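Reader: I have a structure to learn from. Please take me through it in short questions and answers.

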Amino acid sequence: MSYQEKRSIVYLISTLLIYTLYVVYVIARAPLMSDGSPQALRFWAGAILLLVPVEIIGTVVLHVIFSVINTVATKEKEPAVTDERDQLVELKAMRNGFYLFMLAFIGAIAVLVLGQPPAVMFNLFVVGLFTSQLVGYATQFYLYRRGF
Amino acid sequence: MPPSFTYIDGGFKVGKLHLGNNLRKLRFHRDEITQEQLADKVGVTRQTIIAIEAARYAPSLELAFRIAHVLGVPLSEAFSYDATQDSMFVNKKP
């Protein structure tokens with residue numbers, strides 16, 4: 001398995017891990033879903049904003065751990081260049097993730113129109129972020145594995 | 001009637017790709033240059049060279065020219081194209 005394939009798997013697992021832990025942490029402190037008060041909206045908006053740095057830091061830490069373990073175990077170094085194939089894989093992965101996020105975004109707006117509380121919309125944003133990243137990393141793995 | 005192209009190391013096997021290549025053979029004739037060395041000379045990763053050789057990736061024109069240059073052969077000797085396998089032209093009038 002190539003370094004890029006292993007890296008895609010690590011990112012998949014780290015996304016699963018970070019989102020699961022974060023969602024458990026947030027749900028334990030969350031107000032009722034039906035609560036549409038300004039305080040509840042502020043809570044959900046803050047939870048999404050905080051998710052961004054948490055995810056960046058978590059991914060960087062897990063990536064460093066992976067790099068160290070991989071280097072020690074296989075003596076394989078991280079590729080020094082990002083070539084045209086890497087860029088194409090990244091673009092296709094980002095495109096697929098973006099499509100999914102747009103679906104979730106439209107769904108999140110639609111639930112408001114259908115009369116659901118705003119908390120549902122915020123939760124759909126989180127689901128959209130999560131699934132779009134999963135699809136992006138899965139696409140990367142597939143393209144590195146199977147070619148295109 | 002047999003196909004009009006000559007079978008070469010990589011290519012003609014994988015779904016959408018109609019590009020073949022002689023990279024493995026040319027590397028051998030070029031002082032047995034390794035995939036890693038070729039990758040370094042043309043500025044890509046070894047994985048990309050592996051993917052090109054296995055016809056899992058069609059390189060850009062620029063990269064194809066670079067590879068041919070490093071291997072010291074014209075582009076048409078390093079890479080080839082088989083129109084008989086290309087759905088764009090199969091079963092279509094010229």
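Author: First, a definition: buried means under 20% relative accessible area, exposed over 50%, and partly exposed in between, with a 1.4 Å probe and protein chains only. Helices (H or I, at least four residues) and strands (E, at least two) are DSSP runs, numbered from the N terminus. This is a predicted model, where local features need pLDDT of at least 70, side-chain atom pairs count only at pLDDT 80 or more, and totals for chains, interfaces and linings use all residues. Residues are numbered from 1 along each chain as its sequence is written, chains are lettered from A and ligands numbered from 1 in the order in which they are written, and side-chain values use heavy atoms, with hydrogens and water left out.

Reader: Which residues of H4(B) are exposed?

Author: Helix H4 of chain B covers residues 61–71. Its buried residues include Leu63(B), Ile67(B) and Leu71(B). They fall within an arc of 165° seen down the axis, so they line one face of the helix; the arc is that of the directions from the helix axis to the C-beta atoms. On the other side, the exposed ones are Leu61(B), Glu62(B) and His69(B).

Reader: Which helix of chain A helps to cover the buried residues of H4(B)?

Author: Contact means heavy atoms within 4.5 Å. Several elements of chain B are part of the cover, among them helix H1 (23–29) and strand S3 (79–81). From chain A comes H3.

Reader: Is Phe105(A) buried, partly exposed or exposed?

Author: Phe105(A) is found in helix H3 (residues 84–113) of chain A. Phe105(A) also helps to make a nonpolar surface patch of about 690 Å², with Phe98(A) and Met102(A) among the other members. Its relative accessibility is 34%, so Phe105(A) counts as partly exposed.

Reader: What is the relative accessibility of Glu5(A)?

Author: Glu5(A) lies in helix H1 (residues 3–29) of chain A. Not counting residues up to four places away in sequence, Glu5(A) touches Phe141(A), Tyr144(A) and Arg145(A). Glu5(A) counts as buried, because its relative accessibility is 7%.

Reader: Which element of chain B has the highest mean pLDDT?

Author: pLDDT is the predictor's confidence in each residue, from 0 to 100. Chain B averages 80. Over residues 1–15 of chain B, pLDDT stays under 50. Among the elements of chain B, strand S1 (residues 10–11) has the lowest mean, 46, and the highest, 94, belongs to H4(B).

Key. Patch = residues over 30% accessible without salt bridge, like charges linked within 9 Å, V, L, I, M, F, W, Y side chains within 5 Å. Areas by Shrake-Rupley, 256 points an atom, 1.4 Å probe, with all protein chains shown as cover. Salt bridge = Lys/Arg side-chain N within 4 Å of Asp/Glu carboxyl O.
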